[in-house]
Structure formats: C-alpha cells, structure tokens
Amino acid sequence: MICVSIARGRHRHVIAEHKHLVSQGATLVELRLDYITGEVNLKRLLAERPSAVVITCRRESDGGKWAGSEEARRMLLRSAIAEGVDYVDLEEDIAASIPRYGKTKRIISLHDFRRTPEDLDEIHARLVKQDADVVKIATMANHPHDNLRILQLMRRGRVPTVGLCMGDIGTPSRLLAGKFGAPFTFATFHHERTLAPGQLSYQQMMEIYHYERINADTAVFGVIGDPIGHSLSPMIHNAAFRKAGINAVYLPFRVPREHLMQFLDDAPELGIRGLSVTIPHKESVLTRLTDADAATKGIGACNTMVWDGNTVKGYNTDEHAALESLERAMAEDPGRSRSMAGLTALVLGAGGAARAIAYGLKNRGAKVVISGRTQQRAEQLADRLKCRVVDWTNRHGVGVDILVNCTPLGMHPNVNATPYEKHHIRPSMILFDTVYNPENTLLIKEGRTRGALTVSGVDMFVRQAALQFRLFTGQEAPMDLMREILKRQIGPAKY
Ligand code: NAP
C-alpha cells in the first residue's frame, strides 16, 4: 500500500487533493498539518474524508514546518486521535505523552536527515516500546548499502515497520518496501512537491513501477550508474515487464564509484537478478563476472549483468544493438551496399559507446577511424582496436562512408550543437547519431537535407533494451511498446 502525503497551506487544497488521490486509487493519505498556514481546522479536514488518513504534524527539527508551540502541536495530535483518525504519527520523544485512545493506530517515528545510523535494531526496539502499532524509520542514505540495511529491518521487524532511506541513493528502499514486508510506503502528491529528498510521486510509483504489484516474489532488475536520475530505462523495462505479465520490477540504483563492490555483494540479498550497467561502472564490473560474452571481452566493457545461482554473466548489448540498427537501415535503402566490409567508418568520440561501436564495425570489416576531443583517449582506443586515429580538428578531412557520433554533441538541451559540419556531408554517406534525445538531432536533420542515409540513436536504444529484456527474462521483448514509451518520454516531460 502507498500512503500519499498531502502538504498544502490551505484547507480547501488539502481536501481537493485528498479527493483527487482517492479518485486515482489511493486508499491511505497522510495529512501534513504542519504545512497548513494559519489555524488548523481538523474537523474540516476530516469531515468528509474519502479514505483512511495518517495525521502528522512535524516540527522543524524533524524536517517539518510547524511554526506553532509544541503544546499546540501535541493538542492537535490528541484531537486527531479523539476524532478517530486511522493513524497518528508520533515522534519517539513525545509518544509517551500522547496516550493510546480508541481505534487510532500509533506510528512511532524517527527521522535522521544526516545518515542511516549503525544501531538500527536498537532504535527499532526503542520505538516498539512506545506502544507502537507501526514503526517508521526514515534515514538519509549516504551509501547504497543503507538500503539493504533498512529493507532487512523491515523484514525482521516483529511490529510492522516502514523504513525509508532518503536521498536519490535511497530511492530503491521506497520501491522495495513492499517486497520486504512493509505495511506501506510513502509517496508525494506530485513529483515536483517532494517532502523528503528522493521521494517519488504517487503517479510515478503506480504508473512507472506498478508498486502495488510488488511482493515478496518480485524479481528485481535495475540500472546502476552515477548519476542515474535521468535514465529512461526504468520506464521502458517496467512497461515491458507489465505487458509480458512478468512479476519483476526495474529500479534506478545510484551507485557511486567507491561503493560499487559492496553494492554487487548486496545484489543477491536485494533480490537482484539482472542489471543494466552505465557510466562509470562498465569496466569496473568486469572483475565480478564469472563469464562474459565475446563482445564484452572484445570491447573490455559490460553493460548487462545477469545472475544465475552463483554465476554472474556479463554481456554488451550496445555493440549488437548499434550494428543491428545500422545494418537494418542499410538493408532498407535501395541501391546501397548491405555490407560494411571495406567501408571507411569515422567514429567521433572515444568513450563507452565509441568503444563498443568501433569494435563492432571493425569486426564487420569496416576501416575504422577514431577521432576524439581528447587525442590521448582517441589514441588509446585506436591502439586497442588497431585502427587509425585522426586529430579532432582534422575529422572533416577523412573520406567517410559511415559517420558515427558517439559524443553527446546535439543532445538535449544543447540541441543546436553538431559534431560534424553540414557542408562536409555527402549523399553517399551514412550518418549514425547515437544521441537519442532528441531523436532528430541537428546532425540527423542536416544529414537528411543533404540526402545522406540517417540512423538515429532511438533504434539503438530500443534494441539494446530489448536485448537486455531477453537476457533478463528469456522472453522476446515488446519492442514496439518500448519504442513508443521512449519516444513519448523524449517529447515534453511528463513526470
Ligand atoms: P562517454 O563514455 O562519456 O564518452 C563521451 C565521449 O564524447 C568522450 O570521448 C568525450 O570526450 C566526448 N565528448 C564529450 N563532450 C564532448 C564535446 N563537447 N565535444 C567533443 N567531444 C565530446 O559517453 P558514452 O557512453 O560513450 O556516450 C556517448 C554518447 O552516446 C551519449 O550522447 C549517449 O547518449 C550516446 N549513447 C547512446 C546509446 C543508445 O542506445 N542510443 C547508448 C550509449 C550511449 P573526452 O574523451 O574528451 O571526454
């Protein structure tokens, strides 16, 4: 169950949001009395309440906004109990001064906005002693391991326990709460009005993660990287799981570089069966693989990990997806060679995507030329693949058949940038831009105007996600759905 927090200044807005949430399917709502400006009229808020409520009135020291006296705050909480609300949230230090009465359940809570304390079990035992029906512990995650600690606390707790790790590192604790036995977790009314760092909106939790379907048996997948907030993969994979009727969830895991190994140790305990891997971990995870496909070995980077018992196999779906996109586009263009053998392919950039795509082009017999902003990095890649390198300033001097942009030039919001000058584009060229947001980058638009064959990054993105889906589940991916979701997301922001 999701408890949705409403924090508005005016009574009529609280009441309207409450009604709206219930019309969207919410069954439990937290009314944050500390956000109300002026005197709180509890009877008005509760008179025609359309769902069960939690009443909370948080002090500033606990992250709230209550500006009145402590006596008045406690009086409000007692009045809420007298009104027969379903739950009242009481901080540990005031719990003893507010006695149990009627059917109202007591949530005994503790917040730590700095860290996740080491002594979680002792804290939990102390909160239970305050005549708790539910224990709530919300702490700041400074380390991805904090998620596992708080999730395990929920599983162990003899009293129903809601644990939350705050911050973007802590997001998985909110989404996996149901899997680890929490009676409910918290969400906000709107994603732009979060009350605690890392919180998700009710809509995000329901529409992207299908939170209400997550249970003890749900298989966990996700993407690891740092940063990770911008990733579109959760939307695509979760929709695909749903469509295929698979009991699985796909989460964003922000894992700072220094915490990667501990996170991978924790993965089985978190229920993780597979991961997409992105910057900066694609190379570091290699040491943890028990086996790897040929592309991972050849490229020296892994973007997909799959757990199977004690084995962890690594794959690189970027290479396959990129080359498939290119080959498909070439095959569909009448009069064009279907083979890349002997064609000169200029790869712009020398990062992860460049490495995977240059490897694939080389394997298909193309004459690969690397050009990167940082000459040393470009030379390292060229050395590895035994191919040519040209100085970034001389990139337009190469006689190109296939041009691949593996830099972020042209990516949102810098949509007026391009890595290659328009007047060097010829109709015989194939232009492949790995940037997928926007789909029609300046390079793609200029390529079309000049009569070249263009391939956008959207196709590659969808194909690599579809390959991952197949590796994760053993089933064919709903590619049309994945494409539709990606295109919708790279349009105007929805969440
Ligand atoms: P990366 O490892 O960070 O590499 C980025 C490369 O671009 C580096 O060589 C970097 O140069 C270069 N670069 C960055 N800013 C530049 C600028 N302003 N001018 C010239 N060069 C610049 O990133 P990546 O993972 O390879 O990703 C690169 C691009 O590929 C991104 O736009 C990403 O969206 C796209 N991509 C698409 C897919 C897909 O499925 N469609 C998959 C993966 C990546 P330095 O070496 O000097 O840092």
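# Exercises on a predicted model and its ligand

The ligand is surrounded by 22 residues, and the closest of them are Ala 350, Ala 353, Thr 374, Arg 377 and Thr 434; a residue counts here if one of its heavy atoms lies within 4 Å of the ligand. The model is predicted, so local features need pLDDT of at least 70 and side-chain atom pairs count only at pLDDT 80 or more, while totals for chains, interfaces and linings use all residues. Residues are numbered from 1 along each chain as its sequence is written, and side-chain values use heavy atoms, with hydrogens and water left out.

## Exercise 1: the ligand shell

Describe which helices and which classes of residue make up the shell around the ligand.

Step one is to look at the helices, which are DSSP runs of H or I with at least four residues, just as strands are runs of E with at least two, numbered from the N terminus. Both α13 (352–363) and α16 (457–473) supply at least two residues of the shell, and the largest share, four residues, comes from α16.

Step two is to sort the shell by class, which gives twelve nonpolar, eight polar and two charged residues. In this scheme Ala, Val, Leu, Ile, Met, Phe, Trp, Tyr, Cys and Pro are nonpolar, Asp, Glu, Lys and Arg are charged, and the others, Gly among them, are polar.

## Exercise 2: polar atoms and cover

Find polar protein atoms that lie within 3.5 Å of an N or O atom of the ligand, the cut-off for a polar contact, and state how much of the ligand the protein buries.

Begin with the oxygen atoms of the ligand: one is 2.8 Å from a polar backbone atom of Ala 350, and an oxygen atom is 2.9 Å from an N or O atom in the side chain of Arg 373. Continue with nitrogen, where a ligand atom is 3.0 Å from a polar backbone atom of Gly 457. Taken alone, the ligand exposes 910 Å², of which the protein buries 81%, with areas computed by the Shrake-Rupley method and a 1.4 Å probe.

## Exercise 3: unusual backbone

Locate two cis peptide bonds and two residues with positive phi.

As background, most residues other than glycine have a negative phi, and most peptide bonds are trans.

For the cis bonds, the one from Asp 226 to Pro 227 has omega near 5 degrees, and Pro 227 sits in the loop between β9 (219–225) and α9 (233–244). The bond that joins Asn 437 and Pro 438 is also cis, with omega about 10 degrees, and Pro 438 is in the loop between β19 (430–433) and α15 (442–449).

For positive phi, His 210, which is not a glycine, has a value of about 50 degrees and lies in the loop between α8 (202–208) and β9. At 15% relative accessibility His 210 counts as buried, a word that means under 20% relative accessible area, whereas exposed means over 50% and partly exposed in between (1.4 Å probe, protein chains only). Leaving aside neighbours within four places in sequence, His 210 is in contact (heavy atoms within 4.5 Å) with Met 205, Asn 238 and Arg 242.

Lys 386, likewise not a glycine, has a positive phi of about 55 degrees and belongs to the loop between α14 (375–385) and β17 (388–389). Its relative accessible area is 67%, so Lys 386 is exposed.

## Exercise 4: the whole protein

State how many helices and strands the protein has, and what share of its residues is buried.

Counting secondary structure gives 17 helices and 20 strands, and of the 495 residues 57% count as buried.

Methods: Polar contact = N/O pair within 3.5 Å; in protein donor to acceptor, adjacent residues only side chain to side chain.
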